[in-house]
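Grab a coffee and open your viewer. Below are some short exercises, each with a solution worked in steps.

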Amino acid sequence: MEEYSWPLMEDIVNEEDKGNLISFIKTTKRYTQFTKVRDFENIYSEWQGCKYSIFVNSGSSANLLLIDTLKEKYGWNDGDEIIVPAITWITNISPIFQCGLKPVFVDINLSDFSFDYKQIENQITKKTKAIFITHLIGFPSNVNKIKEIIKDKDIKIIEDCCESHGATIDNIKVGNHGLASTFSFYWGHHITTIEGGMVCTNNEDLYQRLLLKRAHGLARELPKELHEAYKKKYPDIDFEFLFLTNGFNFRNTEFNAVLGLSQIKKLDKFIEIRNKNYDRFYEICKKYHSHLITLHNPGISSFTLPFIFKDMNKKQQFQKRLNQEGIQTRPMIGGNLLKQPFLSDYKNDRFTNADFIHHNAFYIGNNQFVGEERLTRLQNIMEDFFNTKMNKESRIYISGHTGLVGSALVKLLRAQGYLNLILKTHEELDLRNQIDVEEFFQAERPEFVFMFAAKVGGIKAHLNTPAEFIYDNIQIQNNLIHLSWKYNIKKLLFLGSACIYPTNSPQPIKEQYLMDGKPESSYESFAIAKISGISMCQAYNKQHETNFITVIPSNIYGPGDHFDLENSHLLSALINRFHNAKTNQIQEVTLWGTGTPRRDLLYVDDAAKACLFLMQNYNSSEVINVGTGSDMTVREIGENVKQTIGYNGEIFFDTTKPDGTMKRQVDTAKINSLGWMAETSIKEGLEKTYKWYLDNLIINK
Ligand SMILES: Cc1ncc(COP(=O)(O)O)c(C=O)c1O
C-alpha cells in the first residue's frame, strides 16, 4: 500500500489509551459486555446530553438496531418508507432493506450536504414513517427546517451522527433533535473504540427495546427492576434464557469500552483541534472561490477537509496532484449512492447535487495530527497549482531596494534566476505620492511586492523628526498596501522592526506580545506607523481576502548599513569606532554601560533569505519573527568586532553610563518550525561587513 504522509486516517490510540487497556487486561476476569460497557454508556450520555446510550459493535449495527427496533415499536409494515439522502454511508440504506422497509431518496443540498429541503415535501407519502438525517462530515443538517416540513404528521426524525460528534444546532448537540440518533467510533472518527457505535435516545420504552434487541432478545438485558415481573409472567422458562423478541447480537466488549472511556476524555479537545484546522483550511480555500465552493457553517464538528470544485477536470488534476504529494484523498463518503450497483434498481436522474458532488468533490483527512505544518504545505501546493506562487517569471517589486535588506534581496533574487525584478529609486518614484504610485502600479502591474521602503534612522533622527517618521511611513504604507489590493497583487510582504514590540515584553519576544504594551518612547512615532502597517495588512486580509504577510526581524547588520555615529546601529557603530581606534592607534575604546545587555544580531543575507522563504512558504495574517534564535552580550559583540578588525587595544566599560534595554531577542520558534534557520555565524557576518566597510566607505572615500 502507498505510504501517505497525510493519510485519511491515523492512529489516535496513544500511550495513555494503551496503558489503560493493559491495566484493564491485567486486572479483569470479564471481557464480554459488563460494567465498563455500562460506564462508557453513562459517560457518553452525560457528554451527549441524553438520557440513554446503548453501546454496540459498530455505527452500522447501531443503524440496523435502531431501525429494526423502531419498526417493531411502532408497528411499521413491510414496504413502509423512510426518507434518506442520496449521499450518506451505505449502512444507512442497507438496514432499511434488511428490515423490509423502503428507502426513498432525496437529493442533497450544497450548503450543508443534507437534504435538498424543498424536495422532501414531494417525497412524503402516507407510507412515510421516518426521515433519517445524516449530519455529513460534521456539518449539522437543518433539522428545524425538516420539522417545519413534517408539521404535525406522524413522521419520526432519526439522526445519523456517525461523522459529527459534538456538532450543534442552536447550541444543542446533534443527535438530540429527533427520536434517536446513532454514532460511530470506527477508526478515524472523532474518537475511536476501533470498532464501535452507539444509539442514543431520551425515550425509555425505545431504550428498553434496544437493550433487548442488542443481545438476542434476552429479558435479562432489561433494567433489573423489570426482571421480577417477567419471572412471574414466564415461571416455566429459566429467566436467564428468556427471549422476549427477535434480536441480534450487536454487543461490544469490555476492551472497546475501556478504550472509549479513555478516549472520551479527549473528545472535546479533539473537536476543538479539528475545527481549528477546518477554520484554517477554509481561510486557505476561500482565496480560490472562483474554483472552489467553500462552506463555513455554524455548529460544525469537522470530520474531514472537503474540496468541491466547480470544474470536474480541475478537480481530477488537483486530486492527482495531492496524491503525488503524499496526501490521501477519497470521494465524499461513497459519492452519489444511486450510482452504486447495489442500488441500480433506483432511478437516479433527479439527483443533480449528489451527482455534482460525486464528480466534483473529494476530501482529505482531518484529525489532531493535522496542524499548521501540513496546512501550510497544502497552501503551498494550492498556490502552485492555481499559479499564485512566486516563480522565476513573476513580476516582483522590491520597494526600498537600495536599503540594507532590499539590496541583499535583489542580490539573492538575481542569483536565483528571478527575471522580472521591478526596482525604482526614491528619485524615480516618491512612494508618499498616491497618484504617482497608482500610475506605477498601472504601468508595471507587479504580482508580488516586498515592502522594505520606510523612513528609518538612528535615535537622534527619531527624537528630532518624529513627525516625518509617522507621516512618511504611513503614507508609504497606505499607498503600497491599498494599491497592492486594488491592483490585485498575489502577495505582499511587509517588513516591521523589533523595536515596535512593547518595551517591557518578556524575552525572547513572541509574536503575540506585539500589542501588549507601549513601544520604546524614543521610537514611538515610527513604531506606531509600523504597527498600523501590520494592522492594515491584517485588515485587508480579513476584508478583501488578500495574502499580505508581516515580518518582524531582529537587529539586522551587514554590508550597506549606515556606519556614521549618529545613524548607525550598535554593531556598525562598533566597527566604525574600533576601526578608527586602530587606524589612529588609540589605546582604549570605552563603551557605555556594563557590557551585559544582550542583543540578537541578524546578518542581512539571512534576513533577505528569510523574506524570500516567507514569501514562498508563509501565508498567515499573524506576524512572524525572524532572528538567529540566540543573542550575545554587548561585551561579546565588542570582543568579536575587536578581533575581526585586528585592534590590539583595550575595551573599557563606563558603568556610570546607562545600559539601555537589557535584552531584546525575538522568539524564532515559529519560523524555525516552518524549516527556516539563520545560517551566518557572527564571525563570518562581521568579516563580510568589515570588508564592505573598508571597500566602500574607507578605501573609496
Ligand atoms: C454517516 C455514517 N453512517 C454510518 C457509518 C457506519 O459506521 P461504522 O463504520 O462504525 O459501521 C459511517 C461510517 O463511517 C458513516 O460515515
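**Exercise 1: a loop and its backbone**

In which loop does I194 lie?

Solution. Keep in mind that this is a predicted model. Start at β8 (180-184) and walk on to β9 (197-201): I194 sits in the loop between them. Next, check the backbone: I194 is not a glycine, yet its phi is positive, at about 75°.

Now try a second loop. Find the cis peptide bond and place its proline between two elements.

Solution. The bond to look for runs from Q507 to P508, and its omega is near -15°. Then locate the proline: P508 belongs to the loop between β17 and α18 (524-544).

**Exercise 2: the ligand shell**

Work out how many residues surround the ligand, and how they divide by class.

Solution. First the count: the ligand is surrounded by 14 residues, and the closest are S58, G59, S60, W89 and S184. Then sort the shell by class, which gives three nonpolar, nine polar and two charged residues.

**Exercise 3: the six-stranded sheet**

Lay out the strand order of the open sheet with six strands, then find what packs on it.

Solution. Step one is the order: β15-β14-β16-β17-β18-β23, with parallel pairing. Step two is the edges, where β15 (420-422) and β23 (624-626) each pair on one side only. Step three is the twist: ignoring direction, neighbouring strands of this sheet are turned by 20° against each other on average.

Step four brings in the helices. Helix α14 (residues 404-415) packs on the sheet and touches β14 (395-399), β15, β16 (448-451) and β17 (491-495). The direction of α14 makes about 155° with that of β14. Helix α17 (residues 466-486) packs on the sheet too, touching β14, β16, β17 and β18, and its direction makes about 165° with that of β16.

To finish, zoom in on one pair of strands. Strand β18 (residues 548-553) runs parallel to β23, and three bridges join the two. Within this sheet edge, V551 of the chain stands opposite I624 in β23.

**Exercise 4: two helix pairs**

Describe how α15 packs with α17, and how α2 packs with α9.

Solution. Two packed helices are described by the angle between their axes and the distance between the axes. So take these numbers up front:

| Pair | Angle | Axes | Crossing |
|---|---|---|---|
| α15 (residues 434-444) and α17 | about 35° | 10 Å apart | right-handed |
| α2 (residues 35-48) and α9 (residues 254-264) | roughly 35° | within 8 Å | left-handed |Next, list the contacts for α15 and α17: Q434, V437, E438 and F441 come from α15, while N479, L480 and L483 come from α17. By class, this contact has four nonpolar, two polar and one charged residues.

Then do α2 and α9. The α2 side contributes K36, V37, D39, F40, I43, Y44 and W47, and the α9 side E254, A257, V258, G260, L261 and I264. Sorted by class, the contact of α2 with α9 has nine nonpolar, one polar and three charged residues.

**Exercise 5: the three-stranded sheet**

Why is one side of β24 and of β26 left without a neighbour in the sheet?

Solution. Write down the order, β24-β21-β26, an open sheet with mixed pairing. β24 (632-633) and β26 (663-664) are at the edges with a single partner strand each, so one side of each has no neighbour in the sheet. Last, look at strand β21 (residues 598-599), which pairs with β26 in the parallel sense over two bridges. R598 stands opposite K663 in β26.

Terms used:
Residues numbered from 1 in each chain as written. Predicted model: local features only at pLDDT ≥ 70, side-chain atom pairs only at ≥ 80, totals over all residues. Near = placed C-beta within 6 Å. Nonpolar A, V, L, I, M, F, W, Y, C, P; charged D, E, K, R; others polar. Pairing = 2+ DSSP bridges. Helix = DSSP H or I, 4+ residues; strand = E, 2+ residues; numbered from the N terminus. Axes fitted to C-alpha atoms, helices over the stretch in contact; angles between N-to-C directions. Contact = placed C-beta atoms within 7 Å. Left-handed = near helix turned anticlockwise from the far one by under 90°.
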